[in-house]
Protein chains: 2
Amino acid sequence: MTHSVDYKQLLREAGLRVTPQRTTIVSLLSETDDHPNVEDLYEKARRLDDTVSVATVYRTMSVLENAGLVRKLVLDDAPARYEMMPHTDHDHLVDVDSGDLVEIPGTEIATLLDRVAAEMGYELVSHHTVIRARKL
Amino acid sequence: MTHSVDYKQLLREAGLRVTPQRTTIVSLLSETDDHPNVEDLYEKARRLDDTVSVATVYRTMSVLENAGLVRKLVLDDAPARYEMMPHTDHDHLVDVDSGDLVEIPGTEIATLLDRVAAEMGYELVSHHTVIRARKL
DNA sequence: CTTGGTGCAAATGATTTGCAAGCCT
DNA sequence: AGGCTTGCAAATCATTTGCACCAAG
């Protein structure tokens, strides 16, 4: 049942209008384990539907982010990258040699940060950790 | 002995040329506990030396960052902010209501991340955690 | 039908760069 | 002297927006 209908439902359930462009973009983002930027998405989308414009990709990402369906990753310089909102909380590790972006699973970090925020008199809303590292 | 000479020495010891513009910028950045962006620095610098240009502020920040004297903070959207390279390792907390940027002291987070990276087969090079939170 | 979405191109905002002139070492 | 640094303005890059048209509910 991995079918385009799934993505349409995803949009519908989020209270968003279902358009072919949005469906295409959501399906691309759902089916990759990369963390593509707008240009990546635009090029891939273009191959499936040559009417898609960059402006729409930008607008769609913004709409999806506000709806809580995707997460925007802003790493130093470089254009923003995106991932479908993870159901399992995770952070990121950048391989400084290859530039690869790897996900760090687990709630260990979140648990610590929760406590750290509390100790500073704050309630944690969200967090993001980026580790730059090199393969051993 | 908090004197402009200190900042000149800082530059000299880093192997950089000492210019009035750089001295001004380093002193401004050293004496604030804000995390100013280029525009902030440009305006402040202007008041002390009206020959400073934005281009120079950008170029200086880049040079200082490469020399390891300052840290560049890229938070979602919004222009990059800067701080003198901290001798004590710390992360950041953004107050989602006020926009304030607070430093999170301590090595607790670093220790955990070191271990996490190792468990994934990586050697940690650097890390940065940003917590978005709300006052309790 | 009516509201919201889209493509296109122009506009914006942040940062970078080419060039001629000036300053640091 | 000779190379690095600067100011200025133009250029570049990522992202946003105005507008006329089209499509989803």
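Here is a short chat about how the protein meets DNA strands C and D in this predicted model.

Reader: What makes Arg22(A) a polar contact of DNA strand C?

Author: One of its polar side-chain atoms lies 2.9 Å from a phosphate oxygen of the strand. The cut-off for a pair of N or O atoms is 3.5 Å, so the pair counts. Ser53(A) also has a polar side-chain atom by a phosphate oxygen of strand C, at 2.8 Å.

Reader: And why does Arg59(B) count as a polar contact of strand C?

Author: Here the partner is a base oxygen, and the distance is 3.3 Å. That is within 3.5 Å, so this pair counts too.

Reader: How do you know which part of strand C faces the protein?

Author: Look at the strand's atoms within 4 Å of the protein: 69% belong to sugar or phosphate, and the rest to bases. For strand D, the sugar or phosphate share is 71%.

Reader: What makes Gln21(B) a polar contact of strand D?

Author: An N or O atom of its side chain is 3.1 Å from a sugar or linking oxygen of strand D. With the limit at 3.5 Å, it therefore qualifies. Arg22(B) reaches a phosphate oxygen of strand D at 2.9 Å, and Tyr58(A) has a polar side-chain atom 2.8 Å from a phosphate oxygen of that strand. Helix H2 (20-30) and H4 of chain B, along with H4 of chain A, each give two or more residues to the surface near strand D.

Reader: Which classes make up that surface?

Author: Eight nonpolar, five polar and five charged residues.

How values were computed:
Residues are numbered from 1 along each chain as its sequence is written. Chains are lettered from A and ligands numbered from 1 in the order in which they are written. This is a predicted model: local features need pLDDT of at least 70, side-chain atom pairs count only at pLDDT 80 or more; totals for chains, interfaces and linings use all residues. Side-chain values use heavy atoms; hydrogens and water are left out. A residue is near a molecule or strand if one of its heavy atoms lies within 4 Å of it. A polar contact is a pair of N or O atoms within 3.5 Å; within protein, one must be able to donate a hydrogen and the other to accept it, and residues adjacent in sequence count only if both atoms are side-chain atoms. Helices (H or I, at least four residues) and strands (E, at least two) are DSSP runs, numbered from the N terminus. Ala, Val, Leu, Ile, Met, Phe, Trp, Tyr, Cys and Pro count as nonpolar, Asp, Glu, Lys and Arg as charged, and the others, Gly among them, as polar.
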